Structure formats: structure tokens, C-alpha cells
Amino acid sequence: MPKNDNINRIIDHKLFTEDDIHQMCVRLGKQLTEDYAGKKPLIVGALKGAIFFLTDLVREMDVEEEIDFMDVSSYGDGFVSSGKVDLITDLTTDVKDRDVLIVEDIVDTGLTLKYMKDMLKERGAKSVKCCVLLNKEANRATDVEIEYYGSKVGNEFVVGYGLDFMNAFRNIKYIGVLKPEVIKLADNK
Ligand code: IMP
């Protein structure tokens with residue numbers, strides 16, 4: 001089946017257009033440029049969902065930076081947080097005395113970010129902040145601080161621009177809300 005047919009069948013409505021996303025990256029990039037002026041932050045991308053956001057965001061940041069990636073998983077293949085966080089792939093960079101900025105696609109329970117922040121602080125980072133594209137506050141299960149975010153979202157499951165549903169639909173250019181019946185179907189499997 002052609003890819004576009006699939007997309008129309010699973011998306012309920014568009015939440016953020018490509019332009020909305022671009023504006024968020026521009027605003028956040030400007031803020032981060034000011035806040036990290038004179039520093040050389042280590043940008044830590046959370047694989048895999050954050051790669052689209054990270055590449056757009058860093059190009060809006062006028063600071064000297066270094067990029068590394070970490071794969072931390074709390075969802076597995078599903079769409080409800082497992083509550084358990086696993087380190088799948090670690091950084092290759094030493095974070096000691098570095099100003100670290102974690103870039104994440106979406107924060108939900110906050111457990112993933114809390115795990116990453118605590119780990120990087122324990123390793124001796126000078127500062128650890130995070131920048132997430134979407135801030136879903138309804139299911140927050142920890143008091144992790146979200147220093148920067150693009151937009152708040154409701155308690156809906158969103159896909160596109162890196163965000164996946166069962167490892168698919170990351171390459172949709174906009175961000176859309178998944179149809180509730182798609183979740184129910186997968187739920188009953
Ligand atoms: P947390 O640990 O519950 O904050 O989960 C964060 C991770 O859950 C994100 O990095 C995403 O991979 C995933 N996630 C949470 N909500 C959504 C969503 O609406 N769409 C796609 N992935 C999501």
C-alpha cells in the first residue's frame with residue numbers, strides 16, 4: 001500500500017505544521033544561543049525520536065557545540081510508558097565538567113529524562129539541562145525540570161517529525177494526532 005494511504009488512515013488531525021515546527025526551532029535556538037554564549041555545550045540527542053528535532057535545532061544555535069547520542073528506552077515497542085528505563089546505547093563522550101544539553105522529542109512521564117539527567121550529573125557534568133520539542137504534562141510521574149520546550153501537548157499520542165508509533169511514521173513531515181481507534185486496535189493485539 002502506498003505510504004500516504006497509510007498515513008491518512010492513522011492520523012486524526014494535524015497538530016503542528018512544518019512551519020509551526022520551524023518557528024519552535026527558531027525560538028528555542030535563539031534562546032539557547034543566548035544562554036550558552038561563550039560555552040561549548042555537549043548536545044546529547046536521545047535516540048531515535050529526537051534526531052529530526054536535534055538537527056533542525058542545532059542549526060538555529062549560533063554557539064560552538066559538540067553532538068553525541070544516547071539511546072534510552074522506556075516505551076519498548078508500545079505506546080504506554082513501561083515505567084522502566086533502560087540504557088540501550090551510551091555516549092562516547094566524557095561529560096565531566098561539560099555543560100550538557102539533552103535534546104528529546106517529547107516528555108511524558110518524565111522518567112526517561114530524569115534517568116538521563118541523574119546519570120549525566122553523577123558522571124560529573126558541570127550542568128545538565130534539557131530541551132524537548134513537546135511537553136506532555138498529563139502523565140508526569142516525576143518532578144524533573146524541563147528547562148526548554150517547544151510547545152505543550154495534551155494527553156494524545158502524536159506521530160511524525162521523529163515521533164513514532166511502533167517504530168513507524170517517524171518521517172511524516174508534520175506532527176499529527178494518532179486516531180484513537182489505531183491505539184485501540186494495537187491494544188487488543
Ligand atoms: P517518558 O519517559 O514517559 O517521558 O517518555 C518519553 C518517551 O516516550 C519519548 O522519548 C517518546 O519516545 C515516547 N513518547 C511519549 N509520548 C509519545 C507520543 O505521543 N508519541 C510518540 N512517542 C511518545
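# A tour from the paired strands to the ligand

Start with Leu42: its bridge partner in β3 is Glu66. Select both residues. This is a predicted model, so treat the tour as a walk through a prediction.

**Stop 1: β2, α3 and β3**

Widen the selection to strand β2, residues 42-47, and strand β3, residues 66-73. The two strands pair in the parallel sense, over 6 bridges. Now follow the chain from one to the other. It leaves β2, passes through helix α3 (residues 51-58) and arrives at β3. This β-α-β crossover is right-handed. To check the hand, point the strands away from you: a right-handed path from the first strand over the helix to the second runs clockwise.

Pause between β2 and α3. Lys48 sits in the loop that links them. Select Leu47 together with Lys48: a cis peptide bond joins the two, with omega at about -5°. Most peptide bonds are trans.

**Stop 2: the other partner of β3**

Keep β3 on screen and add strand β4, residues 86-89. How do β3 and β4 pair, parallel or antiparallel? They pair in the antiparallel sense, over 3 bridges. For one of the residue pairs, select Asp71, whose bridge partner in β4 is Thr89.

**Stop 3: Asp97**

Move on along the chain into the loop between β4 and β5, and select Asp97. Is Asp97 buried or exposed? Asp97 counts as exposed because its relative accessible area is 54%, and the cut-off for exposed is over 50%. Next, select Gly150 as well. Asp97 and Gly150 are 53 residues apart along the chain, and their C-alpha atoms are separated by 27 Å.

**Stop 4: the ligand**

Now select the ligand and display what surrounds it. How many residues surround the ligand? There are 18, and the closest are Asp108, Thr109, Gly110, Thr112 and Val158.

Zoom in on the side chains that face oxygen atoms of the ligand:

- Glu104: a polar side-chain atom lies 3.0 Å from a ligand oxygen atom.
- Thr109: a polar side-chain atom lies 2.5 Å from a ligand oxygen atom.
- Thr112: a polar side-chain atom lies 2.4 Å from a ligand oxygen atom.

Turn on a surface. On its own, the ligand has 500 Å² of accessible area, and the protein covers 92% of it. Which elements give two or more residues to the shell? They are β5 (99-107) and α4 (111-122). The largest share of the shell comes from β5, with 4 residues. Color the shell by class next. The shell has 7 nonpolar, 5 polar and 6 charged residues.

**Stop 5: Arg140**

From β5, select Val107, then add Arg140. The two are 33 residues apart in sequence, yet 8.3 Å apart in space, C-alpha to C-alpha. Arg140 belongs to the loop between β6 (127-136) and β7 (148-153). Its relative accessibility is 24%, so Arg140 counts as partly exposed.

**Stop 6: the sheet of three strands**

Select β1, β9 and β8. They form an open sheet of 3 strands in the order β1-β9-β8, with antiparallel pairing. Which strands are at the edges? β1 (11-16) and β8 are the edge strands, and each pairs on one side only.

Take the pairing of β1 with β9 next. These strands run antiparallel over 4 bridges. Select Phe16, which stands opposite Ile175 in β9. Then select His13, whose bridge partner in β9 is Val177.

Now look at the pairing of β8 with β9. Here 2 bridges join the antiparallel strands. Val158 stands opposite Val177 in β9. Val158 is also among the residues closest to the ligand.

**Stop 7: the loop between β8 and β9**

Finish in the loop between β8 (158-159) and β9 (175-178), and select Asn167 there. Asn167 has a positive phi of about 70°, although it is not a glycine. Most residues other than glycine have a negative phi. Asn167 is partly exposed, because its relative accessible area is 43%.

The last selection is Phe169, found in the loop between β8 and β9. What is the sign of its phi, positive or negative? Phi of Phe169 is positive, near 70°, and Phe169 is a residue other than glycine.

Terms used
Residues are numbered from 1 along each chain as its sequence is written. This is a predicted model: local features need pLDDT of at least 70, side-chain atom pairs count only at pLDDT 80 or more; totals for chains, interfaces and linings use all residues. Side-chain values use heavy atoms; hydrogens and water are left out. A residue is near a molecule or strand if one of its heavy atoms lies within 4 Å of it. A polar contact is a pair of N or O atoms within 3.5 Å; within protein, one must be able to donate a hydrogen and the other to accept it, and residues adjacent in sequence count only if both atoms are side-chain atoms. Accessible areas come from the Shrake-Rupley method with a 1.4 Å probe; for residues, only the protein chains shown count as cover. Ala, Val, Leu, Ile, Met, Phe, Trp, Tyr, Cys and Pro count as nonpolar, Asp, Glu, Lys and Arg as charged, and the others, Gly among them, as polar. Two strands pair if DSSP finds at least two bridges between them. Buried means under 20% relative accessible area, exposed over 50%, partly exposed in between (1.4 Å probe, protein chains only).
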